[in-house]
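Work through these exercises with the sequence and the 3D view side by side. Try each task before you read its solution.

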Amino acid sequence: MRWWRRERELREELDAHIKMAIQDRIERGEDPAAARAAVRTEFGNRGLIEETTRDIWGWRWLSSAGQDLRYAARGLANQPLFTSVAVASLALGIGANIAIFTVFYTVMLRTLPVQDPDRLVELLQKYPGEPRGNGYWTRSAYDHYRAAARSFSAIIGSSWDHQARIDSSAEPVTAEYVTPNYFSELGLRPSIGRFILEGDAGTAVLSDALWTTRFQRDPGVAGRKILVKGVPFTVIGVAGPSFRGLRTDVASGVWLPAKPDGGMALVARLKPGVTLEHAQAEMSALYRFTIDERLASSNDPLVKNLQFEMEPCGAGLSGTRDYLGRPITVLMAASAALLMLACLNLAGMLTARGTARLREVSVRLGLGASHGRLLRQFLTESLVLAALGTAAGAGVAYASVAWLLRMFTSGRPHQQVHLDIQPDSTLLLFAVATMLLTTLLFGLAPAVSALRQASRSAALRFRGGPLGAGRTLIALQVALSMALAASAGLFSAHLRSLRSTDLGFQRDGILLLSLDPSRSEYRGQKRAAGYRALIERFQNEPGVDSASLAAPTPLHGAGAGGWGTVEGRIEQPEERRRISISYAAPRYFSTLKIPLLAGRDFSYSDLANWRVAVINSTLARHYFSNPNDAIGKRITMDRVTLAREPVTYEIIGVAGDTNYGEIREDAYRGLYLAAFRDSGVLGGTLVIRTRANMAGFAARARRIVAESTPGVEVTQVRTLTDQIDSSIVPERAMAALSGFFGGLGLLLAGVGLYGLLAYSVSRRTNEIGVRMALGATPGRIATKITRETFVIVAAGVALGVPLSLYSLKAGSRLLPGVESTNAVPALALGGAAILLASAAAAWVPAWRASRVSPVEALRHD
Amino acid sequence: MAAGKYQNRIELLQGTLDMLILQTLCWGTQHGYGIAQAIRAGSRETLHVETGSLYPALHRLEKQGWILSEWKTSENKQRAKYYKLTPSGRKQLAGEVSRWNQLTTAISGLLGGEPA
């Protein structure tokens, strides 16, 4: 390094000077010892000369920074307890921020690696009052808007299939079906071959990841034939490594030409100079096309309320932003508050440290060190702490992001979020900025206060000031940790209320086994017979209360539906609603403990006459004044998912309402149809109520399926409770993280308070001794300390109540469903938690103060 | 007496040291100690260059590009850093000398116009 060479040369140059001067004097006849002494006097302060010469080269900051670093490292190494507590609290605070920001950035901010992402908009439609539009359009809508809309330079369409299997591989990849202009309008370049063009059919473009994992980056992959879901395609190219499709929650593995009749999401590119409002206005007028189109094919009276909406989508399609955006925003705020708390905490500790070093600082000021120089040295120490904290925080962040990603992928299939986290310059910048900001936040005030005290009171003892500042810092910490604890209380109350919501069935003790018979010999009637035997086998299994079969199972999140007409009832079109459909085997209702309000359950004797239905209470109430009136009436179902012909069913029973897709949902009209029918069986999930241990029983259940129906695969085993939990992933993540932040906040505030009190007691040993010598009892001393604590905590709580109320209000406004009525208990919880933490923190110092021996204390100083 | 000897010395004016160094180097390459000795001898022991001023000045001049340095071995087998005037240093010296002459003329005129 240049710096080292210059340093060495400077030393050598001065050495030579001294040697020559001595040599000269000796030659002139001086005694060598005297010559050396004279030269040394003449030469002056060598360190100063070196320093001023170094200044010329502008290296001084470097060498003094080096000194500061060494000094800081030594100071921190001398106080391992302080250092490790400081680094640990910073690591947790900074780590939480980096982790949450990483997810926040990936979901909300990172733009797609395409040309001009800022001009891309997503075309959506929604019912008034719905929070969210959907982006499902027909092919003819795509053609119509492409031809008619003047605001866009292009519209591209794509749709996804997450269950595409390539060749004979068992592992599904996501296939994205795209319109021919997709790649060219996004401005992408293939890394091999070419992209899909107009007129292409049976062509496929691979993602870089799929090309790597399945084709070992074979440069000659273009031209290879592959099967996607059993259909042959020819690979024509490979996309660049950074492009993963238009969505942020899944990575497309292969791109195929859009099917001529499928629905698709539409993304448009605004023409230069066209505003969002202008395009919105134009499209709202053109949107009539879709209303007419949908009215022509649907009985749904609500269709004409549909509205057109548009959203910028340079950061990817909006689904994930909707699903995770708000929770992650709230968590971002909570983690920032946590870091703030850690900074206050550390500022308190550093202020105390600064006071302890008052003498040293005064002496150094007296010896001529400049304020700036000392300030820089203090800040260097803080920077070293922050750097250590950030380095450890990066590890914390790495682990937490992995945890968060696992959490997000634990959702139901249609809500799973597979985020592609990539460390990039933005994240690095965030980490460095956090580090520097943290340094200033916790380091500046203590440094300034230490300098001010030192210069004000020279080497005199100082009282009052730093403790006063310490008290303010503690009160702020109390306030912040109270807000964090209250928010944690709110979110966990929300989660608890979700988990205890009455869903219309009893969720505990239910095991769900999803069966896939497609690779077995069980087909048609043979499957019905096999499944029936399987259910009977489970029914007789020890520990099993009841077993049945259904599709879909409650809160699975996907289901069928259709439109119904009840014989003899005339209905206004506005009153018609879609009817959700479940297929159920006999004993389904008793297994889930869904009450039958009238009529009977399905039975295996319905097999031949399977045109029977059980309706739910909401559907029954709409048409009949009494559940019993419904029995024997006929309902004709039309436009049922995957069915072509209308079918008429006889109502044999009325069951209680249950939740269908979500924990929080409006009452819906529901209908159960027989899963078993002469042509086979519809539905593929065993529903078993057992008293046995779930984990052990799950393994046994797999064996039973393998024995009774060989060849039928068990694709998933999970408890109903887990299935319900997988429908509330963001809520669970919120509760867990806010609980963690809240606990950590209390711990930090407690440690801070303890530190302040312990320090204050140790500084006042003298005073306490005098008081005791004058007759104060240990109890009075302890009371005095406790009272002082209480004043600080009370000030903090006074500040914490409005702060908590504000954050609770903000939290419940951002997160639909979180009720601010839970605010009072949450607030009480926050207050109680902080009081408890304070009491724990105050106990030891108060006790120690009461144990001060007057004689010892008076000798103390 | 030490005090008396001290009074005979003259504090160098700001900036004049640079000129003196450049002037000294006019005569050929020299190391720091040699420059100090030359100035001392040339001023008949009137001007003593402090080491604390000399080396910062040398490094400053080198950074300006008016002098260059190289390591050489002296006649006494002592390895030392030798400084050499560059063409731009020579130009700088000429400028400084002319400014110095103006200044001394002006000051002499002032002092001469108002006799003590």
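**Exercise 1. Two helices across the chains**

Which residues in α3(A) meet which residues in α4(B)?

Solution. Start with the ground rules. This is a predicted model: local features need pLDDT of at least 70, side-chain atom pairs count only at pLDDT 80 or more, and totals for chains, interfaces and linings use all residues. Residues are numbered from 1 along each chain as its sequence is written, and chains are lettered from A and ligands numbered from 1 in the order in which they are written.

Step 1. Fix the terms. Helices (H or I, at least four residues) and strands (E, at least two) are DSSP runs, numbered from the N terminus. Two residues are in contact if their C-beta atoms, placed from the backbone, lie within 7 Å.

Step 2. Read off the α3(A) side: A:Leu48, A:Ile49, A:Thr52, A:Thr53, A:Ile56 and A:Trp57.

Step 3. Read off the α4(B) side: B:Thr51, B:Gly52, B:Tyr55, B:Pro56, B:His59, B:Arg60 and B:Lys63.

Step 4. Sort this contact by class. The residues where α3(A) meets α4(B) are 6 nonpolar, 5 polar and 2 charged. Here Ala, Val, Leu, Ile, Met, Phe, Trp, Tyr, Cys and Pro count as nonpolar, Asp, Glu, Lys and Arg as charged, and the others, Gly among them, as polar.

**Exercise 2. The geometry of that pair**

Describe how α3(A) and α4(B) pack.

Solution. Two packed helices are described by the angle between their axes and the distance between the axes.

Step 1. Take both values. Helix α3 (residues 46-57) of chain A packs with α4(B) at an angle of about 15°, and the axes are 9 Å apart. Axes are lines fitted to C-alpha atoms, for helices over the stretch in contact, and angles run from 0 to 180 degrees between N-to-C directions.

Step 2. Name the arrangement. That angle makes α3(A) roughly parallel to α4(B). Angles under 35 degrees count as roughly parallel, over 145 as roughly antiparallel, 65 to 115 as roughly perpendicular and the rest as oblique.

Step 3. Add the hand. α3(A) passes α4(B) in a right-handed crossing. A crossing is left-handed if the near helix is turned anticlockwise from the far one by less than a right angle, and right-handed if clockwise.

**Exercise 3. The side of chain B that touches chain A**

How many residues of chain B are in contact with chain A?

Solution. Step 1. Count: 16 residues of chain B contact 16 residues of chain A.

Step 2. Locate them. α3 (32-42), α4 (51-64) and β3 (79-85) of chain B each supply at least two residues of this side. α4(B) gives the most, with 7 residues.

Step 3. Classify. This side of chain B has 4 nonpolar, 7 polar and 5 charged residues.

**Exercise 4. The sheet in chain B**

What is the strand order of the open sheet of 3 strands in chain B?

Solution. Step 1. The order is β1-β3-β2, with antiparallel pairing. Two strands pair if DSSP finds at least two bridges between them.

Step 2. Find the edges. They are β1 (30-31) and β2 (67-73) of chain B, and each pairs on one side only.

Step 3. Check one pair. β1(B) and β3(B) are joined by 2 bridges. B:His31 stands opposite B:Tyr82 in β3(B).

Step 4. Look for a partner from chain A. Helix α1 (residues 2-27) of chain A packs on the sheet and touches β1 and β3 of chain B. The direction of α1(A) makes about 100° with that of β3(B).

**Exercise 5. The partners of β7(A)**

Is the pairing of β5(A) with β7(A) parallel or antiparallel?

Solution. Step 1. Strand β5 (residues 203-206) of chain A pairs with β7(A) in the parallel sense over 4 bridges. The bridge partner of A:Thr203 is A:Thr234.

Step 2. Turn to β4 (residues 190-193) of chain A. This strand pairs with β7 (residues 231-239) of chain A in the antiparallel sense over 3 bridges. A:Ile192 stands opposite A:Val238.

Step 3. Finish with β6 (residues 225-228) of chain A, which runs antiparallel to β7(A), with 4 bridges. β6(A) and β7(A) form a hairpin with 2 residues between them. In the turn, A:Lys229 has a positive phi of about 55°.

**Exercise 6. Confidence in chain A**

What is the average pLDDT of chain A?

Solution. Step 1. The average is 87, and 97% of the residues score at least 70. pLDDT is the predictor's confidence in each residue, from 0 to 100.

Step 2. Find the weak stretch. Over residues 458-465 of chain A the pLDDT is below 50.
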